[in-house]
Structure formats: C-alpha cells, structure tokens
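Reader: I would like a close look at a single part of this model, with the cut-offs behind each term spelled out. Please take one chain and follow its sheets and domains in a connected account.

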Amino acid sequence: MSAPSIPRLWGWVMIVCVAVAVVGFPIFDLAREVIGAGSHAVSEVLGGEGAWSPIVNTIWTSSLVTLLTLALATAVAVTTSGLDSRRRLLVLVAMTTPLLVPPFVSALSWVAAYGPGGLLDDGIGVSLPWLIGPLGVVILLVVNAMPIAYLIVNAAIRSRAERDLVRAARISGANPLRAFLTITLPLLRPALLASGAITFIMSANAFGVPAVLGTPARFPTATTRLYQDLVLSADPAAFDRVLVLAAFLGIMTLVVVGVADMSKRNPIRSRTESSGPRLDSHHAGRRAPSAVVAYFGVTAVVPMVALVLTSLTRGVGLAPTPSNWTLDNFGEAFASGAGSAFATSLTLAVVAASVVLLLGGLLVVLERRRRTGVGTAAALAFAVPGSVLAVAVLLAYGPWLRDTVLIILIAYVAKFWALGHRPIAGSADAISPELFGAARISGAGALTAVRTITVPLLRPALAAAWLIVFMFALHEITISSLLYGPGSATLAVTVLNLRQLGDPTVTAALAVLLTVGVVVSAIPFVAMSRRWGVNR
Amino acid sequence: MRIEPSLRCRGLTVRFGDVLVLDQLDLEVARAETVALLGPSGSGKTTLLYAIAGLLDPDEGEIEIDGKPVARGLKAVPPEHRSVGMVFQNYALWPHMSAAQTVAYPMRRRGVSEAEAAAMADRLLTMLGVGELAERLPDQLSGGQQQRVGMARALAAEPALYLFDEPTAHLDATLRIALQQELMAQRDRVGASALYTTHDAAEALAVADRVGVLRSGKITQIGRPAEIYGQPMDRWTARLTGTASLLRGRVVEANGDRALVSVLGASLSVPRTDSVIGEAVDLLIRPGWAVLDGPLEGVVERLRYEGPHTDYLVTTAAGALQIRQSGLPRFDVGEAAGFGILQAWALPIES
C-alpha cells in the first residue's frame, strides 16, 4: 500500500469534514442533550398524561403496515413472476408509478376521492368515514410502501432460478401451496427482511400521511407529536418531549436496521441460472395483471383525478363538469406565498442534489478499494429519521442558523447523501480498475484519467444520483416542517399549512403543482434508466 | 392383457406466441425402455419434457403416463401427481436445503416419516457416491456432485418415468461418461423407463435403447442407436448423429435389398434405398467405415493425431473423406494415400 498522495489526502479531509458537520456533530449534540436532560426528565416526560400514546401508535401502525405490505408485495411479485415480459412491464409500471406522488399528496388525494365530501361522496354518495383516522393512516402507509417493497421482492425472485426450483418441488410431489411454503418463502427470506425493515422504518418515520389523516382525528404518532411540540407548542416542557421522541425514533431505527442486518448474514447463494421456457401453467397469474391495474386505478389514478378536479373546481360540492372549472385556485395559491415557497424548494433541491453529487463523485474517485465503510455509514445516515436529523441539526446550528434556508440544506445533505451515494458507488463498482490502469499506462495523469475514463463511465450514475436527490428534496416535508421559519417555507410545508387553514381547493391546486414538479423532474430519469437498461 | 407403455404422446403441440415449439409430436416409451431425444438447441427438447412433467400445458394433444391420461383438454393432472422424476439441466437444487434434505423432500411429500426419509436419503446419496456430502448446501458442492444429488432426488420419487434434461451438459468429459454409466445402472436396477434429451450424439447412442431425432418440434426419425447412426434419413441427421463424410457416386445396379454404387471408378454394395438406377447419390461414410491401404486414390489434406488413433482428412475427386485409424500418422500432409471403403449408406442428393 502506498501512502496517500497529497490531493487524495485533501479530498479525504474534505469528505470527513462534511460528514462530521452535517451528520456527526448534530447527532452527537442530540445524544449529549438527551443524556444531559437526564433520566429524571425522561421519566417525567414518559410519566406525563398521554405521553405513551404516540409511541404506541407508531409501533402498532408500523408493524401492521409492514405485515400488510410484505404480504401484498410478495403476492404480486410471486403471481406475476411467470408472465411474459410485456405483461411484467405493465405490472412493474402500475406498481412503481405511485412513487412519483409524494406521500402526503397521496393522502390528500385519497381524501379528495374517498373522504367525506369527496368526489365519490358527491357523485354516488359513497365515502369512507374511517379514512381520517388510524385505519386511513395504515392504508395510506401501505400504499406508499408498496412500490419499494415490490421492487425488492421482485428483484429477488427474478435474480434466482426460482421457477426451476419450484418446478423441481412440484415434480417431487409438492402441491403449489407446499412448494410456496417450503421453497419460495425460505428463499425470499433475505429480501423480505430487507423490505420489511425498510417498510417499518419508512412508516415509523412518516410524517406527511399521519399529519394529513391522523392529526385531524386526534391520532398522534411519534413524528406528528414531535412536530406539534417543536413547532406549535409554547410549553417549555415540550422540548423535553421532543428529545424523548427523537431518541425513541432514532433508537428504534437503529434496532430495526441492526436486527435486519444480523439476520441477513450468510445469505443463501445460488449458482444455477434459470432455463427453460418462461410460460407456466399458473392460472392465477393470468388474472394478476388486471388485479394489479385495478389496484393502481383505485389507489393512485382515481385519487389523483379527484385531486386535480378539486384543484379546478369553483367551489366545493359543485359538479365536476368543465363549466365549473377555473384556474383561480392556482392564482390564489400563488397569492398566498406559493411562489416564494416554490423558489425555496427549487433552490434547496438543486443545491442539495449538487452537493450530494460532488460528495458522491469525490468519494468514488478517492475510494481505491470499495467498502471503506463510508458507504455503510452513509446508508445508516439515510435510515436516521428525518425528524431526528432535523432536531439534531436544530440543536447544533439553531443558535446561528435558526429559520434560515441554510439549516434546512444542512439537514437535506445529511439525509440525502446516502440516496445519491448508492447509484454512484454501484456504478463505480462495475467499472473494472484495469480501465483506469490502462489509461495511466497509455500516458494519462491521474486527474486526466479520472476526467477521460472514470467520469464518462459514471455519467449516467451521476445524473441518476442528482435527479433522485432533486426529486426527494423537492417534495420533502418531514425535515422542512420542523426547521422552516418565516421566509424559508418549502412548497410541501406551504401545502400542509394551507390545509390546516382549511382551504381544500387551494391546497389541492398546490399539491397538484408539487406533483407536476416531481413528475417533470422524473421524466429524464425514466428516459435515462430505459436507455441504460436499468429498468428491465 | 396388453401392457401399456410408460409414456405415450399423441399430436402434442405447444406454441409460445406465434412460435410453434412442438408440432403434432408423437412418441412412445415402453416399460423399462430408455429413449434418448437428440436435437440441437431450440428443437423443443426441454419443452417436451416440461409438457410431460406437467410444468406447462400443451395447446393440443394427449399425454398418457402408465396408461393414465394426464393431459387432455382441461383435466390436466398437476405435476405432483404425475409420477415422474426429473433431473434438470441446471440441477435446480434448492439453495437453502442440504443434500440430505433435498433427497428426503419427495419422500416427505409422499407421507414417508421423517426418520425413514432421512435413512432412505442417506442410502441413495451413498449409492451415488456422495454420502459423505449429505449435510452440504448446493453452494458447497461441485457441478458433478450437484448433479448426483439431483439424481438422488429423482430416484427418491420412485417414479414410473424418469425425465433427464441434458443431465450431463455442464459436466466435463470424464465425469460425463461416469455419470452416464451410473444412470444406466440405476435404470436397470430400478427398472423404470426414461426419456433422455441431449445434443451430444455419442451420449444419445450410448445410453438409449432407442434414439429419436428431434427437429423443429417434430420427431423426424426414431430407431435403435445403430440404425440412427448407420442409416440416417438425410444429410442433416447424418451430421447431427456423428462425423459424416459424403462422397458423390452413381447407382449402377439395384436388386433385392442391396444396390451397387460406383464411386471413384470402383463399385460398392450398399443397403438399398429408394434409389433409381443411373441416379447420383451421396454416400455417407463414417470415420471407421474406410481404411487406409486400398484401391482408391486420394491426397492427405489434414492430419490429427489423438493418441489412440489418427484422423486423416483425404480429398478425392468425389469429395473429402475422414478416415480414422489406430496408431501414429503414416502419411505426411500433401502425400497421396490409397484407401478402401468397407461400408457406406446412400443418401439422396440435396442441393
């Protein structure tokens, strides 16, 4: 091993400084504060009236959401695994398109479609009164977790010779159910663990959905109570509650990640590759695409149509016909500060994506050997709940940066670093070191080799990383709702505040605008993933 | 009472979209018989086995196993009730199960007690020479060992019919021959019937009682190994079933079951086909059917010494001919060599 060269050393120093500044120092500060508050304060908080209900609510809703999501995602992935590629693509599109709708917009759109006074209520007198409440929270969290869970389970099924293994079991005398229980399920265990952990963490840390559907029904979760205590409460004891809730969320996340990671050790590998014809006599599978499309329609299309119609209507309760359509709601939204919020969100998204891109690119160039541990650390940082990061950053930088856009940016970089790091590192792993070496042998200096070989090969991954961070930052709500101040409200926060003021049509208009922004920024991403064969 | 064949397929047709994979295929496998299906990749070998096993539904046709219809219209018998055992090309071992668990699996599904199944699995694995590997996962086994575990699993099912999907395709030559012999020994001991697919002619000829040639979803020729090798129906089949040299000749006489063909100025008696006197034919000559030293003249164009024998490629006025003879090379490249033809098979001329 040669000693690191001087530019390399400076690169590392820079990376470590940023990591310490945006993640290490704030989290350390939060831990110090929690410990400093002392066990006395903690027990006082937990002894207070209703202190446990947000924690209990978070645990049971997240557990239920995880179970339902895994069952549904596995059912879809397994029943559609034998389909031809055209129908599988249809299923893939129907299952993953909802990713483009921000979770709290999805919740708003369900209210617009199925809630009391919603589209179906006006049209045929059908509404779901339980939508505002715990059941609604659970169902919307399931809807939002489905795409990722499906992608993970589906990838696991496609990556091994699952079909031949099940066929061998059938020939050995197992009926379809027995073959599923003894072969498919054990083989899916790692994927189910991974998607289960992600679903649980995402649900426990979700803020948008419980804020829209839980809070009006006085159903608090850890994240919504934390928001109320930090942003809305003037009670000085509230800050102790914030610390306890943040500690709870952080520790629970660590435990879930740790348990999933430990049970994932010794993954079962399979060397066999699938062979033989794809066509199976899965009669159930033939109806699966229509079921998935129906699911897509009910959970995503109808609500979104209802939201758009709400944003266009002259007044709540009018028939959704073109004669009652107007664009006034959009004008009103801009009048109430949406313009500057849009500028804030756009700036934050562009800057956060660019910083993450620089850090990710730098890291890949510096990391001569992969697995230096920075990747794992970054992944862990993404698992840290947004609420916890926000509280930590507020503690660390609040005295100087409270209510500024900059403090939100710091938290965004901490949160989204992992998101951007993964595609870049994955792509860099696929580039063999010989390519770089061949450039050096051909007479290129280190920097020239990076510029002419590494960067061009990484370009798709770099673009993907930038776009994905941009998309997530554009509709981010958990962090910004805790850190915004006068003049630094993001678009998502503005939607939430408008809703609390009780103007459904203007809220809908703004939510539609936000979704359009996310969809537009996703278009080059989808086009690119097609072109680079990411999206099979 | 008439003994039903172990397998009977009638008019079997399978389409994948617009592609006709099996085309009105008929096939019978008698009790305790092994039939090998020889065909290039894409000829429908795997599809046929999958249809017989019940892993895909044929579009048309009937399948009977041991006289019982298993695929006829909508009343298809599911794979677990068809009494077939299958050895997969890619082994298809379950990555989360040890060899012993894998072999016990079919017996457990039949309701055999756990202890009994374990004992039986151990016996089968030992019989196949992998008894000491019983606790290993597929991951920890070599290709040949995996294949033996796959075979033990098929044997454990005690089926009426074994299906072998290119079971030796991924193995090296030595291991392949050892496994082929073991397969035949197993079959003789258990007395079951087997359908065996391969694209390796030597393998098909060695293991089977009958060899069928599968081309574009149809069985174009079926018969004893010596028939398929010695009397292929056309040039394509001749090349599929082994090394084939063709010399152009002309039929000069035909009486009884023999015909006289003149080639390179000599006359050769061959089994009679539907050849017409005066018509040109291609004479198929396998490497062992011609010898050096003889009345015919040629020039040695290529030599290949392989240890036990030497292959000579001899060019003549009627075409090129490969001769295999034991011992060291006796000519140099470019030298004239005399040779004689011991045996030949007349094929119609194809353009």
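Author: What follows is an account of chain B, its domains and two of its sheets.

The model is predicted, and for that reason local features are given where pLDDT is at least 70, side-chain atom pairs count only at pLDDT 80 or more, and totals for chains, interfaces and linings use all residues. Residues are numbered from 1 along each chain as its sequence is written, while chains are lettered from A and ligands numbered from 1 in the order in which they are written.

Chain B has eight helices and 19 strands, where helices (H or I, at least four residues) and strands (E, at least two) are DSSP runs numbered from the N terminus. Taken along the principal axes, the C-alpha atoms of chain B fill a box of roughly 75 × 45 × 40 Å. Of the 351 residues in chain B, 43% are buried, a residue being buried if 20 or more other C-beta atoms, placed from the backbone, lie within 10 Å of its own, exposed if 12 or fewer do, and partly exposed in between. Among the contacts in chain B with a separation of 6 or more, 65% are accounted for by residues 24 or more positions apart; two residues are in contact if their C-beta atoms, placed from the backbone, lie within 7 Å.

Chain B is divided into domain 1 (7-239) and domain 2 (243-347), with bounds that come from an automatic or database domain assignment. The C-alpha centres of domain 1 and domain 2 of chain B lie 38 Å apart, and six residues of domain 1 of chain B are in contact with six residues of domain 2 of chain B. On the side of domain 1 of chain B that touches domain 2 of chain B, helix α8 (residues 235-240) of chain B gives the most, with three residues. The residues of that side divide into one nonpolar, two polar and three charged, where Ala, Val, Leu, Ile, Met, Phe, Trp, Tyr, Cys and Pro count as nonpolar, Asp, Glu, Lys and Arg as charged, and the others, Gly among them, as polar.

The sheets come next. Five strands of chain B form an open sheet in the order β13-β12-β11-β14-β19, with antiparallel pairing; two strands pair if DSSP finds at least two bridges between them. Its edge strands are β13 (266-271) and β19 (345-347) of chain B, each of which pairs on one side only, and the twist averages 45° from one strand to the next, the angles being taken between N-to-C directions on a scale from 0 to 180 degrees, with axes that are lines fitted to C-alpha atoms, for helices over the stretch in contact. Within this sheet, strand β11 (residues 245-255) of chain B and strand β14 (residues 280-285) of chain B run antiparallel and are joined by six bridges, and Arg250(B) stands opposite Ala280(B) in β14(B).

Another open sheet of chain B has four strands in the order β17-β16-β15-β18, again with antiparallel pairing. Because β17 (319-326) and β18 (336-341) of chain B stand at the edges with a single partner strand each, one side of each is left without a neighbour in the sheet. Neighbouring strands of this sheet are turned by 50° against each other on average, direction ignored. Strand β15 (residues 290-305) of chain B pairs with strand β16 (residues 309-316) of chain B in the antiparallel sense over six bridges, and Val299(B) stands opposite Thr315(B) in β16(B).
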